[in-house]
Amino acid sequence: MLNVYLDPSVNICYASFYIKGLQDVFGRKQVTFNNRYFSDLHFSEPVIAFIVQGANKSTKFIIDYADAANWQEAALSWSDYYLKINIDPNAKAIPNKIISIGPGFGIRFLNGYQTIFWAIRNYMKAHHRIKNARQFFSHYKAQWNRPCIRDYDPYATEENYIFFTGSIWKREIRTNQFRANFIRVCKKMKALKFEGGFAPRKNNDVPGWEELTLPARIPMQTYMQKMARSCVAFNTPAVQDCHGWKLGEFFCFGKVILSTPFTRKFPRDPIGQEHYISTTGEEDDIEKKLQELIANKPLREKLRQQARKYFEEVLAPEVIAEKIKALHQA
């Protein structure tokens, strides 16, 4: 029997996707939080540390969910395997122990009682390593407010209906521009029923996008309902050119994905015209691709099915956990 011991100081919201996979593959009772193995660790937040232990072997794992393409040297040195979401495919001298796992996203995997219980218990276990207690507990609240993974099961979409919302970033000017181009195109295409726009920033501290910005942020439940109905989803690399959560969500939803070029590595590259449709991100190209998609229902249906299949074969939590199990047993 294999046991998995998790660092209790983890950001539970970002770790939730992977913990769910570990529980499904190794068993819920075999996946526990245990500070004994991590009491001397002081890694910065964007990593999840855990150990897979069997009768004769113990393997140290790191999952790095940081937006940046670089890695933490201390965490890399500690680990036997370093699983990372955002790897620059053009980077030189990537250590062999670094393995691509593709985009995930936060999910609710604890019920209300479990959320409160594990927040308090894990804080008590690792409080000497937790620099910001308020932030630590906020991650548990955020996990509780996320959808369950089953909420992303593919739904029947609505013909000619597109929903999109996304953040405005201070430094990612190209991301903002591509998203603005998509919103403008959708607004002007008479064949479309479009809802959405930029999510407003609290202090409106990135001016210039006011005419494309919604009056208020959309609640998660409403976002999920509208996204489920949308016949097309738009993706573009986000902070520091990372795979954003939305990309993982779109594959899980089985969406027709219109995407600007990917800038980070995948465990297995999605194929254009099969798993997604590529666009330059310029308005004329976005409009051309949307017109083709709206007019071609068989293509949309193929893309929907292949996107979900790609998630199930490459990105799903249990797929990542099976990979972890195989690495331990190698």
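# Exercises on loops, salt bridges, pockets and a patch

Glu158 sits in the loop that runs between H4 and E7. The model you are looking at is predicted, and the exercises below start from this residue.

## Exercise 1: Glu158 and its partner

Work out how exposed Glu158 is, and which side chain it meets in a salt bridge.

*Solution.* Begin with the accessibility. Glu158 has a relative accessible area of 28%. Buried means under 20% and exposed means over 50%, with partly exposed in between, so Glu158 counts as partly exposed.

Next, look for the partner. The side chain of Glu158 meets that of Arg229 in a salt bridge, at 3.0 Å from N to O. Because Glu158 belongs to the loop between H4 and E7 while Arg229 belongs to helix H6, the pair ties together parts that are 71 residues apart in sequence. Arg229 is partly exposed too, with a relative accessible area of 27%.

Finally, check the backbone. Glu158 and Lys226 are 68 residues apart along the chain, and their C-alpha atoms are separated by 9.8 Å.

## Exercise 2: A second bridge from the loop

Find the salt bridge partner of Asp153, and decide for each of the two residues whether it is buried or partly exposed.

*Solution.* Start with the contact: the side chains of Asp153 and Arg308 meet in a salt bridge, 3.6 Å from N to O. This pair links distant parts of the chain, since Asp153 is in the loop between H4 and E7 and Arg308 is in helix H9 (residues 297-315), 155 residues apart.

Now classify the two ends. Arg308 has 16% relative accessibility and so counts as buried. Asp153, at 34%, counts as partly exposed.

## Exercise 3: From one pair to a network

How many salt bridges does the structure hold, and which residues share a network with Glu283?

*Solution.* The total is 20 salt bridges. As a reminder of the principle, side chains of opposite charge can pair when their charged atoms come close.

Take Glu283 as the way in. Glu283 forms a salt bridge with Arg184, and the closest N and O atoms are 3.9 Å apart. The cut-off is 4 Å, so this pair is within it. Glu283 lies in helix H8 (residues 283-295) and Arg184 in helix H5 (residues 173-188), so their bridge ties together parts that are 99 residues apart in sequence. Glu283 is partly exposed, with a relative accessible area of 27%, and Arg184 counts as partly exposed at 27% relative accessibility.

Then follow the shared partners: salt bridges join Arg184, Lys188, Glu211, Glu283 and Glu287 into one network.

## Exercise 4: The two largest pockets

Describe the largest pocket and the second largest pocket by volume, central residues, contributing elements and residue class.

*Solution.* For the largest pocket, the volume is about 1,600 Å³. Its lining has 43 residues, and those closest to the centre are Tyr14, Ser167, Trp169, Arg217 and Trp245. Two or more lining residues come from each of these elements: helix H1 (12-26), helix H4 (133-145), strand E7 (161-166), helix H6 (220-229), strand E9 (233-235) and helix H7 (245-253). Sorted by class, the lining has 23 nonpolar, 13 polar and seven charged residues.

For the second largest pocket, the volume is about 430 Å³. Here 19 residues form the lining, with Ser9, Phe43, Ser44, Glu45 and Arg129 closest to the centre. Strand E3 (47-53) and H4 each supply at least two of the lining residues. The classes are eight nonpolar, seven polar and four charged.

## Exercise 5: Thr165 in strand E7

Is Thr165 buried or exposed, and what distance separates its C-alpha atom from that of Tyr223?

*Solution.* First place the residue: Thr165 is in strand E7. With 10% relative accessibility, Thr165 counts as buried. The C-alpha atoms of Thr165 and Tyr223 are separated by 8.5 Å, and the two residues are 58 apart along the chain.

## Exercise 6: A nonpolar patch

Identify the residues of the nonpolar surface patch and the element that gives the most to it.

*Solution.* The patch is formed by Ile116, Ile120, Met124 and Phe137, which together have about 410 Å² of accessible area. Helix H3 (residues 112-126) gives the most, with three residues. Ile120 is found in H3, and at 44% relative accessibility Ile120 counts as partly exposed.

Conventions
Residues numbered from 1 in each chain as written. Predicted model: local features only at pLDDT ≥ 70, side-chain atom pairs only at ≥ 80, totals over all residues. Heavy atoms only, no water. Patch = residues over 30% accessible without salt bridge, like charges linked within 9 Å, V, L, I, M, F, W, Y side chains within 5 Å. Areas by Shrake-Rupley, 256 points an atom, 1.4 Å probe, with all protein chains shown as cover. Helix = DSSP H or I, 4+ residues; strand = E, 2+ residues; numbered from the N terminus. Buried < 20%, exposed > 50% of the residue type's maximum accessible area, 1.4 Å probe, protein only. 1 Å grid on protein atoms, 1.4 Å probe; cavity = no way out; pocket = protein on both sides within 12 Å on 5 of 7 lines; lining within 4 Å. Points joined across faces, edges and corners; volume = space filled by probe spheres on them. Nonpolar A, V, L, I, M, F, W, Y, C, P; charged D, E, K, R; others polar.
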